[in-house]
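Me: I should like to learn how to read a protein model, feature by feature. May we work through one together?

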Amino acid sequence: MAIDYIQKLEVFATELVPKMMGALIVFIIGLWAVSWLTKIIRKGMMARGFDESLQSFLASMIGVVLKVMLLITVAGMLGIQTTSFVAILGAAGLAVGLALQGSLSNFAGGVLTLIFKPYKVGDVIESLGQTGEVKEIQIFNTILLTGDNKTVILPNGAVSNGTIINYSRHGNLRVSLHLVVDGKTSIEKLREVISDVCVANQHLLQEPASSVRVEKINDGDLGVVVHAFCEPHLHWDAYTSLNEELKVALDTAGIQFPSPALKLSR
């Protein structure tokens, strides 16, 4: 009886203790390596300008995955069968993935948006039939504030798979007005009056400069297009104020618009 205990103790001392010591050393070194690697990855993401929330999330997720792999490795070193354990993890991951298919699509869309940055906070975008300023980019959703002060929550999966119009990408937005004036109007005078209004308008940018072009002549009337530029968030103010100021300036300069009654009598 005592001999059996002594033999078991010898087996424990010669086989299990070295395995346990080796597994413990691997576990400690592995934890240090995981911590070091996640810090390196996070620094790399910071250097590339990744969003702070994305940095934290990805670093945590990578750390968890590496720690699970480390635990499986240590268990294998101790002689524990890990095949069934890995199979259970795979089946659980598949079940969770199927249950959260829509959320995972939004998550993937959020990650892609934060990495490739088709838009950023402060940009004015149009997507999924909604237009507004981007107030927040979350992992699963993008928050817009519309021109009429409504908060719109867009799912990142649908946004990343759809068409995105970014009005702020180049730093300015064009304001276009189409006017029809009497054909007897001097083009040079018309261009001078409109240009003066554009220069004086506080909502418009002076560079790029505004332009006034005749786009068509219809029944003797002049069709004119005015192009000016403004900052994206001032587009509505620039558009409305330019309409009002042009009407006042053209009336003051004696430039007339075609009369509907006269057009019907032709």
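The dialogue below takes up the overall make-up, a sheet, a pocket and one residue in turn.

Me: Where should one begin, and how many helices and strands are there in the protein?

Reply: One begins with the status of the model, which is predicted. The protein holds eight helices and eight strands. Of its 266 residues, 28% count as buried.

Me: What share of the contacts in the protein with a separation of 6 or more comes from residues 24 or more positions apart?

Reply: Such residues account for 62% of those contacts.

Me: How should a sheet be read, and in what order do the three strands of the open sheet lie?

Reply: One reads the order of the strands, then their sense, then the edges. Here the order is S6-S8-S7, and the pairing is antiparallel. The edges are formed by strand S6 (173–181) and strand S7 (211–218), each of which pairs on one side only. From one strand to the next, the twist averages 20°.

Me: Over how many bridges do S7 and strand S8 pair?

Reply: S7 and S8, the latter covering residues 221–230, pair over seven bridges in the antiparallel sense. As a point of orientation, Lys216 stands opposite Gly223 in S8.

Me: Which strands does H7 lie across?

Reply: Helix H7 lies across S6 and S8, and runs at about 25° to S6.

Me: How does one recognise a pocket?

Reply: Rolling a probe the size of a water molecule over the atoms shows where empty space is left. In this model, the largest pocket contains about 320 Å³ of space. Its lining is made up of 13 residues, and those nearest its centre are Val124, Thr131, Gly132, Gly147 and Pro232.

Me: Which elements give two or more residues to the lining of the largest pocket?

Reply: They are strand S2 (130–137) and helix H7 (235–252). S2 provides the largest share of this lining, with three residues. H7 thus appears twice in our reading: it contributes to the lining of the largest pocket, and it lies across S6 and S8.

Me: How do the residues of that lining divide by character?

Reply: The lining of the largest pocket has six nonpolar residues, six polar residues and one charged residue.

Me: Finally, how should a single residue be read? Why does Gly76 count as partly exposed?

Reply: One asks which element holds the residue and how accessible it is. Gly76 is found in helix H2, residues 52–77. Gly76 counts as partly exposed because its relative accessible area is 39%, which falls between the cut-offs of under 20% for buried and over 50% for exposed. The C-alpha atom of Gly76 is separated by 8.9 Å from that of Ala23, a residue 53 residues apart from Gly76 along the chain.

Methods
Residues numbered from 1 in each chain as written. Predicted model: local features only at pLDDT ≥ 70, side-chain atom pairs only at ≥ 80, totals over all residues. Heavy atoms only, no water. 1 Å grid on protein atoms, 1.4 Å probe; cavity = no way out; pocket = protein on both sides within 12 Å on 5 of 7 lines; lining within 4 Å. Points joined across faces, edges and corners; volume = space filled by probe spheres on them. Helix = DSSP H or I, 4+ residues; strand = E, 2+ residues; numbered from the N terminus. Nonpolar A, V, L, I, M, F, W, Y, C, P; charged D, E, K, R; others polar. Pairing = 2+ DSSP bridges. Axes fitted to C-alpha atoms, helices over the stretch in contact; angles between N-to-C directions. Contact = heavy atoms within 4.5 Å. Buried < 20%, exposed > 50% of the residue type's maximum accessible area, 1.4 Å probe, protein only.
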